[in-house]
Amino acid sequence: MKLRHPFSRAIYESQEDGLVRVEEEGGRVGLFHPDGRWHSGELRDADPHLIGWVGGPQLGGRTATNRIPAMPGAATTPPRPTTTVPKPPTPAAGADPNRRTTSMDLGLRGRKAIVTAATRGIGLAIARLLADEGVDLALCARGAAGLEAARKELEARGVRVFTKALDVGDGDALRGFVREAAEALGGLDLLVCNASGGAGMGEKAWQANFDVDVLHSVRAVEAALPSLTSSDAASVVFISSTAALEYLGVPQAYNAMKAALIAHANDLSQALAPKGVRVNVVSPGPIYFDGGNWEMIKKAMPAIYERALGQCALGRMGTPEEVARSVVFLASPAASYVTGANLVVDGGFTKRVAY
């Protein structure tokens, strides 16, 4: 199998020996194991996600065939033509797209929230909606430039914003950020743990997903508890994934660690309820946005994109804003009697019966 990366334009090609050959446009070449580890060659860095897709899982000794797994239902669900895919609802003609039209009072004005990994995609959409509800924000991400852009945009919506660039897999840095954020905002009511190590194969991916998806959430809650227990409407929301709920074609760390988040959130919901802290989970299905994973898959692996699209009962992938609405509702006092829940936002992508 040979694929071109939609952004870097590098060529990724599976080899007979099970390795993946990556050639940049400038001519540098490197060989990589399917789990993303460098093997040989001048090129030492490449996209581990695309390497994993091209190289495929090493199961049962199979290394040369069927490298790209079918999405659930691929054998019985034909791809849907993109020309017939319904679009998300849009504002009425002449309506101000920036004006809130919410009829339910979520009780969020004046609250204070932390959102991790909040400079793009779902995280930024959550921050925007919280800002529109009058919530002061503390954001973290790895890139300082993205944080600065988010800060300026969100402050223009009339709220205070504290930001700090850090790797949430660094426990000391994350704990320090949570403490500084609570001090800068004058308290803390909401914590949204959104950061993820992403998909990938091999031991490196297991470690990354454990450190970023799981431990970042564990540590953030522990560091935030002194402030959360002082709030009269404390709430925690973990962002998991439908990858935790059904087999998606590739056994990988991302799926298992997202499942661990749901289990831990359930435990926390019971343990922290007497302290007045609610804990819930939102599990998105396929969410499409510019620069996101599904845009890359659509460009580099259109067949896989079409299979996934065909699984969405609503006939389209979701938007970050649709996930954000669910997160903000669960985090808000309007959901005051909801704790220990896992709200699946997937347009009917998963097919299990959710008792």
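## Arg157, a helix pair and two loop residues

A polar contact of 3.1 Å links the side chain of Arg157 to that of Glu153. Keep in mind that we're looking at a predicted model here.

Arg157 has a second partner of this kind: its side chain also makes a polar contact, at 3.0 Å, with the side chain of Asp132. As for where Arg157 sits, look in the loop that runs between helix 3 (144–155) and strand 8 (161–165). Is Arg157 buried, partly exposed or exposed? Its relative accessibility is 32%, so it counts as partly exposed. Once you set aside the neighbours within four places in sequence, the residues in contact with Arg157 are Arg128, Ala131 and Asp132. Glu133 is 24 residues away from Arg157 in sequence, and their C-alpha atoms are 9.6 Å apart.

Now for helix 2, which spans residues 121–132. Its axis comes within 8 Å of the axis of helix 9 (residues 320–331), and the two cross at roughly 55°. Helix 2 and helix 9 are therefore oblique to each other, and their crossing is right-handed. Which residues make the contact? On the helix 2 side you'll find Gly121, Ile122, Ala125, Ile126, Arg128, Leu129 and Leu130. Helix 9 brings Pro320, Glu321, Val323, Ala324, Arg325, Val327 and Val328. Sorted by character, the residues of this contact come out as ten nonpolar, one polar and three charged. Arg128 is worth a second look: besides being part of this helix contact, Arg128 is in contact with Arg157.

Just ahead of helix 2 there's a backbone oddity. Ala117 lies in the loop between strand 6 (112–116) and helix 2. Its phi is positive, about 50°, although Ala117 is not a glycine. Most residues other than glycine have a negative phi. Ala117 counts as partly exposed because its relative accessibility is 25%.

One more loop residue to click on is Asp170, found between strand 8 and helix 4 (171–185). Asp170 and Asp211 are 41 residues apart in sequence, while their C-alpha atoms are 8.1 Å apart in space. With a relative accessibility of 39%, Asp170 counts as partly exposed too.

Here are the three loop residues side by side:

| Residue | Loop | Relative accessibility |
|---|---|---|
| Ala117 | between strand 6 and helix 2 | 25%, partly exposed |
| Arg157 | between helix 3 and strand 8 | 32%, partly exposed |
| Asp170 | between strand 8 and helix 4 | 39%, partly exposed |

Key: Residues numbered from 1 in each chain as written. Predicted model: local features only at pLDDT ≥ 70, side-chain atom pairs only at ≥ 80, totals over all residues. Heavy atoms only, no water. Axes fitted to C-alpha atoms, helices over the stretch in contact; angles between N-to-C directions. Helix = DSSP H or I, 4+ residues; strand = E, 2+ residues; numbered from the N terminus. Parallel < 35°, antiparallel > 145°, perpendicular 65-115°, else oblique. Left-handed = near helix turned anticlockwise from the far one by under 90°. Contact = heavy atoms within 4.5 Å. Nonpolar A, V, L, I, M, F, W, Y, C, P; charged D, E, K, R; others polar. Buried < 20%, exposed > 50% of the residue type's maximum accessible area, 1.4 Å probe, protein only. Polar contact = N/O pair within 3.5 Å; in protein donor to acceptor, adjacent residues only side chain to side chain.
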